[in-house]
Amino acid sequence: MLDANTMIIIALSSAFIAILIAVIVFMGYLRKILSIASFMGPNATIFAIGAKYTEKENLEHLLEMNNINEIFSEIKKEGYEIEELDNWDVNIERYMLHMMDRAISMLPEGVRQFSEVYMLKFDANVLRRVLRGKYTNLSKDKIYSMIYEGKHLSKLILSHMVEATSIEDAIAALDVTPFRKVIDVWNETGDLQSVDLAIDKIVIEKLIDAKSTLDEDSREAIEKIVSILIDIYNIKALVRAKYTNDKAEKYIVEGGYELDSWKLKNLSESRSIEEILGNLEGTSYSFLRDLKDPFEVELALDNFLLEKANDLGITYSTSSGPAMMFLIAKEFEARNLKTIIKGFLEELPRDKVNKLLVGVAS
């Protein structure tokens with residue numbers, strides 16, 4: 001039989017263990033509560049700003065307007081203060097980036113760091129314009145009118161690229177940027193399509209690396225959206241490579257949501273675009289199997305991405321879901337606005353413009 005002192009020690013030990021367990025459980029709940037609290041303000045702002053022009057009814061409302069001035073007046077309410085036709089498309093992007101930067105600045109540190117890496121894709125867009133401009137011998141003034149300073153492409157780097165006497169010299173300026181691998185791709189291929197694919201691959205790889213900045217409570221939503229982005233990137237890369245008779249294997253990135261290594265190998269060995277899309281049967285991307293045109297494939301994937309981003313924004317509304325939803329949707333919103341305005345300027349049929357928009361697919 002245990003003596004009194006032993007029983008007291010056992011009782012105290014049991015009480016201490018119970019208290020310790022309770023503290024651990026409480027700290028877990030407290031950490032989660034603090035995490036939710038840190039997202040409340042940013043997410044409220046994100047939902048307030050929104051991305052109105054990724055919604056079918058709002059897009060159709062713009063298409064029903066009579067002239068450009070009506071459109072400019074309408075979109076001004078959403079923060080796109082376009083007053084004249086000079087550089088209207090670049091200005092739409094600038095306002096989009098301003099709204100993104102505002103939202104990102106309010107996010108908790110880990111998600112903020114990841115989101116800043118996400119913004120690299122807009123540097124990539126500017127980079128493409130410079131390279132295409134140099135490749136097609138556009139005037140320097142024209143190229144300057146199409147570009148702006150980014151997170152990683154400074155005014156000095158962009159100026160060096162625009163003023164370069166050749167595309168080789170322009171690409172060499174990327175040595176001190178995240179896009180330095182593009183130099184090797186150009187030297188090996190001399191092909192702008194290969195450079196395009198390499199730029200996309202760099203952005204995806206940087207996003208994968210940036211997941212290390214995330215804490216446990218904000219990780220799940222971002223990991224899911226990055227996995228979907230990888231799948232979409234891989235499908236687009238495979239289709240583009242097949243369209244240009246390039247080898248797709250070197251552009252593949254593993255870690256997707258549904259397309260694992262063996263599936264990607266199977267897709268890369270397909271003999272045509274139709275075969276690639278047909279081999280997506282049994283995945284969430286099987287809706288692509290009846291398409292033939294690469295542009296239609298990319299547009300369908302963009303609609304899929306927007307839908308998934310919106311779903312994750314609601315599912316993970318107390319963590320990082322709304323931030324990812326906002327960044328993705330805002331990019332498509334700006335693209336839609338540029339498409340609609342260009343359609344008006346070129347007097348394209350409205351039903352034709354409507355088919356080019358992201359967010360109108362049923």
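Modeller: Let's start with a yardstick: a residue is buried under 20% relative accessible area, exposed over 50%, and partly exposed in between (1.4 Å probe, protein chains only). Please keep in mind that this is a predicted model, where local features need pLDDT of at least 70 and side-chain atom pairs count only at pLDDT 80 or more, while totals for chains, interfaces and linings use all residues. Residues are numbered from 1 along each chain as its sequence is written, and side-chain values use heavy atoms, with hydrogens and water left out.

Biologist: Thanks! Why is Asn137 called exposed?

Modeller: Its relative accessible area is 67%, and the bar for exposed is over 50%, so Asn137 qualifies. Asn137 sits in the loop between helix 6 and helix 7 (140–146). Its phi is near 60°, a positive value in a residue other than glycine.

Biologist: What makes Glu347 exposed?

Modeller: Glu347 has a relative accessible area of 70%, which also passes the bar and makes it exposed. The loop between helix 16 and helix 17 holds Glu347, and its phi is near 55°, again a positive value in a residue other than glycine.

Biologist: How many helices and strands does the protein have?

Modeller: There are 17 helices and zero strands. Helices (H or I, at least four residues) and strands (E, at least two) are DSSP runs, numbered from the N terminus. Of the 362 residues in the protein, 48% are buried.

Biologist: What makes a set of residues a nonpolar core?

Modeller: The members must be buried Ala, Val, Leu, Ile, Met, Phe, Trp, Tyr or Cys residues, joined through side-chain atoms within 4.5 Å. The largest such core here has 119 residues, and Ile75, Leu131 and Met161 are among those with the most contacts inside it. Helix 12 (residues 216–243) supplies the largest share of this core, 14 residues.

Biologist: Which residues touch Met161, apart from its neighbours within four places in sequence?

Modeller: Contact means heavy atoms within 4.5 Å. Met161 meets Leu127, Val130, Leu131, Lys134, Ala170, Ala173 and Leu174. Met161 is also one of the buried residues of helix 8 (residues 155–163), together with Ile157, Leu158 and Val162.

Biologist: How do you know that the buried residues of helix 8 line one face?

Modeller: We look at the arc, taken from the directions from the helix axis to the C-beta atoms. Down the axis of helix 8, the buried residues fall within an arc of 130°, so they line one face. They pack against helix 6, helix 7 and helix 9 (167–172), whereas the face turned away carries the exposed residues Lys155 and Leu156.

Biologist: Why are Tyr135 and Trp186 called an edge-to-face pair?

Modeller: Rings of Phe, Tyr and Trp (its six-membered ring) pair if their centres lie within 6.5 Å; planes under 30 degrees apart count as stacked, over 60 as edge-to-face and the rest as tilted. Tyr135 and Trp186 are 6.5 Å centre to centre with 90° between the planes, which makes them an edge-to-face pair. Tyr135 lies in helix 6 (residues 120–135) and Trp186 in helix 10 (residues 181–189), so the pair ties together parts 51 residues apart in sequence. Trp186, at 8% relative accessibility, counts as buried, while Tyr135, at 47%, counts as partly exposed.

Biologist: Why is Arg128 called buried?

Modeller: Arg128 has 11% relative accessibility, which falls below the cut-off, so it counts as buried. This residue is found in helix 6.

Biologist: What makes the link between Arg128 and Asp196 a polar contact?

Modeller: A polar contact is a pair of N or O atoms within 3.5 Å; within protein, one must be able to donate a hydrogen and the other to accept it, and residues adjacent in sequence count only if both atoms are side-chain atoms. The side chains of Arg128 and Asp196 are joined at 3.2 Å, so the contact fits that limit.

Biologist: How do you know that helix 11 (residues 192–210) has the span expected of it?

Modeller: The expected span is 1.5 Å times one less than the number of residues. For the 19 residues of helix 11 that gives 27 Å, and the end C-alpha atoms are 27 Å apart, which agrees. Of those 19 residues, 14 are buried, so helix 11 is largely enclosed by the rest of the structure.
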